[in-house]
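Hi everyone, thanks for coming. I'd like to walk you through a structure that may be new to you, one chain at a time. Let's bring it up on the screen.

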Amino acid sequence: MMEIEWELIELQRLRGHTDRVWSMAWNPSSGVAGIPTMFASCSGDKTVRIWEQNSSSSSWECKAVLDETHTRTVRSCSWSPSGNLLATASFDGTTAIWENVGDDFECISTLEGHDSEVKSVSWNASGSLLATCSRDKSVWIWEVLPGNEFNCASVLQAHTQDVKMVQWHPTLDILFSCSYDNTVKVWAEDGDDDWHCVQTINEANNGHSSTVWSLSFNADGNRMVTCSDDLTIKIWGTDPKKLLSGDEYSPWSHLCTLSGYHGRTIFSVGWSREGIIVTGAGDDAIRLFVEDENGSVDEPSYKMILRKEKAHDMDVNSVQWCPGETRLLASTSDDGTIKIWQLQPVT
Amino acid sequence: MMSGLINANPVVYEKKERRVRSIPANLDDEYTVEPIDQLEIFDHLRDIKDPEHPYSLEELKVISEDAIEIDDSNSYVRVTFTPTVEHCSMATIIGLCLRVKLTRSLPSKYKVDIRVAPGSHATEAAVNKQLNDKERVAAAMENPGIVALVDDCLAPTYVFSK
């Protein structure tokens, strides 16, 4: 991976939103076995747009605009593992659940409860749980019941500030949250439906020194990367054997900090199935990192393999690898556009 | 509205004389982009009204031309402002006014940082963090009460054409 020279080719720039695009999410069942890729994007214009790749022209088109539901910015969106449901989190304090019925999307439920803006929403691997977080400093866990009913299972108050993002572990029912309080918290359930914080990663354990905006897991689920306003990204690891045994909680420890690469806040980070880490930052650039051969298992070393300056005209808010196509990447920006990129070796 | 003000008797300074900008020599080249300088940024901000007093930020010496740093080649601006008192709870509103005015006035490629002058505010780090968190700024600007207050403070800046 290291010896090759890489380039990021812009396949398409998608316009349509009339305000900044905060985030996007690829439909998990798309891009596999010939099914055209599909994704949702959300914006400060209060709408969510659904985009689908045209099978004959291969370009993406806007299939639907989900409007007249949220009354303020839609900050993030997340598909259920089956790809049939879409959850959207909004500054209006609610999380809407949409169902894909043929070519239409219908809002089938609205989750209320947070006292202020909802920042993020995430489904667990099986689709049985949903998590949300808010500026009200809490993380909520919702059970997904038959008939698309949602029941609040737990309200978790441990962060001391605005919670920016929640993300479930790729295979286990362990929840991660990142916050304006500079920490990452890990939440697990003790078997009695009692959720609590099992680990706090703070500055004292080599954690970030400013707001943590996002995190992402590697394919195996034994490594995690976090990104922050402190201009660094950090790699964390856990014992894979302990993780799989599930007996006791296996803590995450710091493996590596990548500093000096970013000059402005890093808003988003993603880890591809092949192991390529992508970042989207406030300097309008997209960067890619891979593990290099100079490191060891306990002290891995990472190198930047590509920096795409001026990837957008303004801040890059979100970067997401396509689940099916390993080298397809999407980015969203304050400039109101979404870009689709292809990573390939320079020919 | 005299009772309950944080700083009931602010010191009011004289406004600096406004420099008349010279007309550029080559009027033919309409595509030349003039670099933005400190004075231009200051001109955007000097007439912003203080949230509590009927004076401008310039008159109260909350902002000055010297406290504006600009790196035009990198499209970067940093504005440092000095609240009139150390415990000023209006600091975040003033900072928000500065940010909103610059967002509306400068080309979108500019990166803007806003901070309180070091040592000038009791919760300096907390104020700076909030002012530079764009998600918090965006949410605040969707709050009708805050928008009304900011628009009121910015109103005097739109009176004179620049």
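**Chain A and its repeats**

Let's begin with what the record says: in an unreviewed UniProt entry, the annotation "repeat: WD" covers residues 14-61, 67-99, 111-144, 156-187, 205-236 and 309-347 of chain A. Please keep in mind that what you see is a predicted model.

Let's look at two of those spans. Residues 67-99 of chain A are 0% helix and 52% strand, and the C-alpha atoms at the two ends lie 14 Å apart. For residues 205-236 of chain A, the values are 0% helix and 50% strand, with 11 Å between the end C-alpha atoms.

Now zoom in on one pair of strands in chain A. Strands β4(A) and β5(A) run antiparallel and are joined by six bridges. If you want a pair to find on screen, take A:Val48, whose bridge partner in β5(A) is A:Leu66. How many residues lie between the strands in this hairpin? There are six, and in this hairpin A:Ser58 takes a positive phi near 65°.

There is a side-chain link here too. A:Lys63 and A:Glu52 meet in a salt bridge, at 3.7 Å from N to O. A:Lys63 sits in strand β5 (residues 60-66) and A:Glu52 in strand β4 (residues 48-53), eleven residues apart. Across all chains, a search of the whole structure finds 29 salt bridges.

**Over to chain B**

For chain B we again start from the record. An unreviewed UniProt entry carries the annotation "domain: MIP18 family-like" for residues 40-112 of chain B. That span is 29% helix and 16% strand, and its end C-alpha atoms are 14 Å apart.

Let's follow the strands along. Strand β1 (residues 68-71) and strand β2 (residues 76-81) of chain B run antiparallel, joined by four bridges. B:Ile68 has B:Val79 as its bridge partner in β2(B). Four residues lie between the strands of this hairpin, where B:Ser75 takes a positive phi near 50°.

What is the sense of the pairing between β2(B) and β3(B), parallel or antiparallel? With strand β3 (residues 111-116) of chain B, β2(B) pairs in the parallel sense, over six bridges. To get from β2(B) to β3(B), the chain passes through helix α2 (residues 91-105), making a right-handed β-α-β crossover. B:Val79 comes up again here, standing opposite B:Ile114 in β3(B).

Just a quick stop in the loop between β2 and α2 of chain B, which is where B:Met90 is placed. Which residues does B:Met90 touch, leaving out those up to four places away in sequence? The answer is B:Ile6, B:Pro51 and B:Glu52. B:Ile6 is 84 residues from B:Met90 in sequence, while their C-alpha atoms are 8.7 Å apart in space.

**Where the two chains meet**

Finally, let's put the chains together. In this model, 27 residues of chain A are in contact with 16 residues of chain B. The area buried between them is about 1,700 Å², and carbon and sulfur atoms give 43% of that. On the chain A side, the residues that lose the most area to chain B are A:Arg72, A:Tyr180 and A:Arg264, together 35% of what that side buries.

What about charges? Between chain A and chain B the count is eleven salt bridges. One of the residues we just named takes part in a salt bridge: the side chain of A:Arg72 meets that of B:Glu142 at 2.8 Å, N to O. As for polar contacts between chain A and chain B, there are 18 residue pairs, both residues at pLDDT 80 or more.

That's the tour. Thanks for listening!

How values were computed. Residues are numbered from 1 along each chain as its sequence is written. Chains are lettered from A and ligands numbered from 1 in the order in which they are written. This is a predicted model: local features need pLDDT of at least 70, side-chain atom pairs count only at pLDDT 80 or more; totals for chains, interfaces and linings use all residues. Side-chain values use heavy atoms; hydrogens and water are left out. UniProt positions are given in the numbering used here, feature names are shortened, and annotations may be inferred rather than shown by experiment. Two strands pair if DSSP finds at least two bridges between them. A crossover is right-handed if, with the strands pointing away from the viewer, the path from the first strand over the helix to the second runs clockwise. Contact means heavy atoms within 4.5 Å. Buried area is the accessible area (1.4 Å probe) that two parts lose on being put together, summed over both. A salt bridge is a side-chain nitrogen of Lys or Arg within 4 Å of a carboxyl oxygen of Asp or Glu. A polar contact is a pair of N or O atoms within 3.5 Å; within protein, one must be able to donate a hydrogen and the other to accept it, and residues adjacent in sequence count only if both atoms are side-chain atoms.
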